[in-house]
Amino acid sequence: MAKQTKYCVGKVATYVNGDRLWNRLMALAKFGGLAKGGVNRQALSDEEVAARAELVRWAEAIGLEAFTDATANLFLRCRGADQNLPPILVGSHIDSQPTGGKFDGALGVLAALEGVEAIITSGMRPRRTIEVVAWMNEEGSRFAPGMMGSAVFAGARRLEDILNIHDKAGIAVKAELRKVLSAKPRLPQREFGQKPATFLEAHIEQGPILEIEKKTIGIVTGIQGKRTFRVQIDGEESHAGTSPRSVRRDALVSAVSIVQALQETMWDRKDIVRFTIGMFNVSPNAPSVVPAQVLFSVDLRHPDAETLRKLGDMIAPICRKAALRCDISVTELLHDPPLEFPQALRRKLTSIADALGIPNMEISSGAGHDARYLHYICPTAMIFIPCKNGISHNEAESITKEDAVAGARVLAEAIYSIAGAA
Ligand code: GLV
Ligand code: MN
Ligand code: MN
């Protein structure tokens with residue numbers, strides 16, 4: 001029998017290289033980089049394809065094997081001593097919102113890569129295989145809904161149901177997947193159906209709590225529930241100079257009435273309900289034509305499952321009631337209930353942060369994450385690091401190098417502790 005040497009928490013963390021992690025964060029931010037410091041690296045775009053290739057280069061340089069699957073999730077494998085054990089997956093996403101920050105998602109992928117590199121450099125061979133992962137289309141800004149790659153991986157969504165989803169330009173997921181999967185370097189594809197031993201995700205908080213509480217690490221208790229909808233309003237084009245307003249079927253006028261009614265109903269005095277209309281398209285969008293169609297999104301979130309159900313179920317009736325002279329169709333894209341991550345993994349992460357002397361606290365997630373879908377198939381946990389003023393989904397998103405390094409140190413220790421010593 002192999003001799004087991006006792007591992008003391010802290011050794012792997014000493015191999016985390018803060019400069020390397022920070023330099024990679026800055027280098028990745030060049031792909032789709034914007035003037036105000038953020039990124040536009042939407043899912044399956046050319047910018048994201050180029051960023052993937054860079055990730056693969058970094059991973060292969062330290063001996064990891066890159067591969068993918070039919071949804072273009074990207075895996076970077078560090079083989080463990082016992083290939084018969086299911087792997088640990090660690091990562092997040094590298095796609096962004098159109099005016100996103102450089103850390104949302106990227107921090108989680110690069111902290112995972114840094115954690116694996118720290119383990120390799122330490123010379124301590126893990127027993128389980130570790131796979132760094134960048135899930136396809138977490139953000140859902142170009143192709144909705146988001147978390148596509150992780151949802152299909154976890155069996156929460158079928159591959160055939162995402163293939164014909166289109167972006168605003170009419171390009172289908174199917175076509176972009178073909179492009180990404182045939183891009184260089186061409187990677188081997190793995191079948192779906194694998195059940196990981198554990199999934200870990202590091203992320204920026206995207207809210208102000210850690211900063212206010214002066215804590216460096218958030219141990220995430222769970223994720224609030226979310227429902228998303230598309231509302232389509234159909235009226236009729238007519239001439240702005242000749243058609244009397246009393247007979248128009250103006251889709252924009254109906255939309256304004258609906259938005260007003262929804263805003264009033266979804267307002268709560270405690271300000272817990274999250275209700276957002278982030279996408280709003282008017283057509284034909286010409287100054288002298290009465291608008292014939294409006295299509296808008298609804299993003300509704302709440303930590304309580306029953307409240308989320310009740311509020312979400314009110315959306316279609318409110319839209320119909322406030323529709324004036326237009327036709328309405330409301331389509332629900334997603335209904336994800338609130339979830340709680342397992343206590344055992346949360347305790348493990350807390351004890352690692354304590355052992356490293358890093359101030360930490362439990363915190364719930366208002367944002368959605370790929371960890372949601374992994375949670376349904378394997379023990380899953382998340383850590384947060386602070387982001388300045390809680391600003392995210394904004395080019396101004398900002399973190400400190402010290403916090404990023406603290407997150408990577410906790411993550412590296414967690415990975416090694418779950419992978420076990422060879
Ligand atoms: C993820 O980006 C979310 O919108 O929660
Ligand atoms: Mn994210
Ligand atoms: Mn995001």
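This report walks through the surroundings of ligand 1 and the manganese site in a predicted model.

## Around ligand 1

Let's start with the neighbours. Ligand 1 sits among Glu138, Glu139, Arg301, Ala367, Gly368 and His393. Sorted by class, that shell comes out as 3 charged, 2 polar and 1 nonpolar residues.

Oxygen atoms of ligand 1 turn up in several polar pairings. With Gly368, the partner is a polar backbone atom, 2.6 Å from an oxygen of the ligand. With Glu139, a side-chain N or O atom is 2.8 Å from a ligand oxygen. His393 also brings in its side chain, with a polar atom 3.2 Å from an oxygen of ligand 1. As for cover, ligand 1 on its own has 190 Å² of accessible area, and the protein covers 92% of that.

## The manganese ions

Now for the metals. The manganese ion (ligand 2) takes its donors from His93 (NE2), Asp104 (OD) and His203 (NE2), at distances of 2.0 to 2.2 Å. Written along the chain, the spacing of these donors reads H-x10-D-x98-H. A further manganese ion (ligand 3) lies 3.6 Å from ligand 2, and Asp104 coordinates both ions.

## Two histidines from distant strands

The histidine donors of ligand 2 bring together distant parts of the chain: His93 belongs to strand β3 (residues 88-93) and His203 to strand β6 (residues 198-204), with their positions 110 residues apart.

Are these two buried or exposed? His93 has a relative accessible area of 0%, so this residue is buried. His203 comes in at 1%, and therefore counts as buried too; the cut-off for that label is under 20%.

Conventions
Residues are numbered from 1 along each chain as its sequence is written. Chains are lettered from A and ligands numbered from 1 in the order in which they are written. This is a predicted model: local features need pLDDT of at least 70, side-chain atom pairs count only at pLDDT 80 or more; totals for chains, interfaces and linings use all residues. Side-chain values use heavy atoms; hydrogens and water are left out. A residue is near a molecule or strand if one of its heavy atoms lies within 4 Å of it. A polar contact is a pair of N or O atoms within 3.5 Å; within protein, one must be able to donate a hydrogen and the other to accept it, and residues adjacent in sequence count only if both atoms are side-chain atoms. Accessible areas come from the Shrake-Rupley method with a 1.4 Å probe; for residues, only the protein chains shown count as cover. Ala, Val, Leu, Ile, Met, Phe, Trp, Tyr, Cys and Pro count as nonpolar, Asp, Glu, Lys and Arg as charged, and the others, Gly among them, as polar. Donors are N, O and S atoms within 2.8 Å of the metal (3.2 Å for Na, K and Ca); water is not among the atoms, so sites may look incomplete. Helices (H or I, at least four residues) and strands (E, at least two) are DSSP runs, numbered from the N terminus. Buried means under 20% relative accessible area, exposed over 50%, partly exposed in between (1.4 Å probe, protein chains only).
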